[in-house]
Amino acid sequence: MIVVGGEALVDLVPGEPLDSNVDGGLRALLPRLGGGPYNVALAAARLGVPASFLSRVSTDRFGVALVDRLVDSGVDTSLLQRGDEPTTLAVVALDQSGAARYTFYVEGTADRLVTDPGTLPDEATALSLGTLGLVLEPGAGAYEAMLRREAARGTLTALDPNIREALIADPAAYRARFASWLPDVRLLKISDDDAAWLTEGADPVAAAKTWVESGVDAVVLTRGAEGLSVITAAGELAHVPSRRVPVVDTIGAGDTVQGALLAWLHAREVRDLAALDADAWREALGYAAKAASITVSRSGAEPPTAREMASTV
């Protein structure tokens, strides 16, 4: 199975405008269950592959709803830890294109207090980490230890840093820590914007080639309207365009790409990324692009099911 580790939180997403004469033009905030790794686990499970979520989730009402949604989507919860600390909140602001910006409330919340469970079960074939889980201590240290241990065991390790600048107090220290993870990462999925932030403005493809030289087997770049590209030791091996759909918002789009890639690899029992040729990568990227196009066509992070994928042209 695929094990996904990281935060589970509640996005507060803008709804209908309130009375501008009273509330200054603010919008009502609607709760949407999410968190980057949480969405990855949902996406993989909804696409029909076994996925397990590893995190610490609150016992408050938000936490109960988060766990119920995992179960409803077919995600294994045997690795979940529970605590009475509050659930992390992310207040979402959308720009005119539907792109999301976040303000986080993370002090003393449950997910950052996750502890290292030790060696993963034998059936774990892949481990995916990222976003706040690898930023907020003490949980970040626990996930980092898991990454290194599972890489040494031969598990397919995947990383999506999904940068949230507001929570990174020391960018230089984070960039150095990110670089230290790369020898233990087989699949790096990263947006153009995050690649530019990590390299302080370098060309994303050039950055990806550097990361491959550092030990990563494959770097998948998400490029917004420009589509998806993969860079391996052979260079820029494949590219697929984005699907043109009406965009409601982009919440969960990158997470869906990560979950869909992991699902595609799992379904084909791919453990060695170097074994994939350009045609195989184009198929994998096309599958991920299709899944993401469904997610952005609706509000909040709602990854598609296998049935929706099959019925969408």
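**Close-up views of a predicted model**

**View 1. Glu200 is exposed, with a relative accessible area of 66%.** That value is above the cut-off, since exposed means over 50%. The structure shown here and in the other views is a predicted model. Glu200 sits in the loop that runs between helix 6 and helix 7. Its phi is positive, about 55°, although Glu200 is not a glycine.

**View 2. Glu269 is a residue other than glycine with a positive phi, near 55°.** The loop between helix 8 and helix 9 holds Glu269. Is Glu269 buried or exposed? Glu269 has a relative accessible area of 70% and therefore counts as exposed, because the cut-off for exposed is over 50%.

**View 3. The peptide bond that joins Glu137 and Pro138 is cis.** Omega for this bond is about 5°. Pro138 belongs to the loop between strand 9 (126–130) and helix 4 (139–152).

**View 4. Strand 13 and strand 14 form a hairpin.** Strand 13 covers residues 228–232 and strand 14 covers residues 235–240. The two strands run antiparallel and are joined by five bridges. Two residues make the connection between strand 13 and strand 14. One bridge can be followed by name: Leu228 has Val240, in strand 14, as its partner.

**View 5. Tyr102 and Phe104 form a stacked aromatic pair.** The model has six aromatic pairs in total. For Tyr102 and Phe104, the ring centres lie 5.7 Å apart and the planes meet at 20°. The pair counts as stacked because planes under 30 degrees apart are classed that way. Phe104 has a relative accessible area of 15%. Phe104 is therefore buried, as the limit for buried is under 20%.

**View 6. Phe178 and Trp211 form an edge-to-face aromatic pair.** Their ring centres are 5.5 Å apart, with 75° between the planes. Phe178 lies in helix 5 (residues 171–181), whereas Trp211 lies in helix 7 (residues 204–213). The pair therefore ties together parts that are 33 residues apart in sequence. Both residues are buried: Phe178 has a relative accessibility of 3%, and Trp211 has a relative accessible area of 6%.

**View 7. Five aromatic residues make up one cluster.** Which residues form this aromatic cluster? They are Tyr174, Phe178, Trp181, Trp197 and Trp211. A charged side chain also appears in this view: Arg175 lies over the face of Trp197, at 4.2 Å from the ring centre.

**View 8. The largest pocket has a volume of about 1,400 Å³.** Its lining consists of 49 residues. Those that lie nearest the centre of the pocket are Ser191, Asp193, Thr250, Ala253 and Gly254. Several elements give two or more residues to the lining. The strands among them are strand 2 (9–17), strand 8 (100–105) and strand 11 (187–191). The helices are helix 2 (36–46), helix 6 (192–198), helix 8 (253–267) and helix 9 (278–296). By residue class, the lining divides into 20 nonpolar, 15 polar and 14 charged residues.

Terms used
Residues numbered from 1 in each chain as written. Predicted model: local features only at pLDDT ≥ 70, side-chain atom pairs only at ≥ 80, totals over all residues. Heavy atoms only, no water. 1 Å grid on protein atoms, 1.4 Å probe; cavity = no way out; pocket = protein on both sides within 12 Å on 5 of 7 lines; lining within 4 Å. Points joined across faces, edges and corners; volume = space filled by probe spheres on them. Helix = DSSP H or I, 4+ residues; strand = E, 2+ residues; numbered from the N terminus. Nonpolar A, V, L, I, M, F, W, Y, C, P; charged D, E, K, R; others polar. Phe/Tyr/Trp six-rings, centres within 6.5 Å; stacked < 30°, edge-to-face > 60°. Buried < 20%, exposed > 50% of the residue type's maximum accessible area, 1.4 Å probe, protein only. Lys NZ or Arg CZ within 6 Å of the ring centre and 35° of its normal. Pairing = 2+ DSSP bridges.
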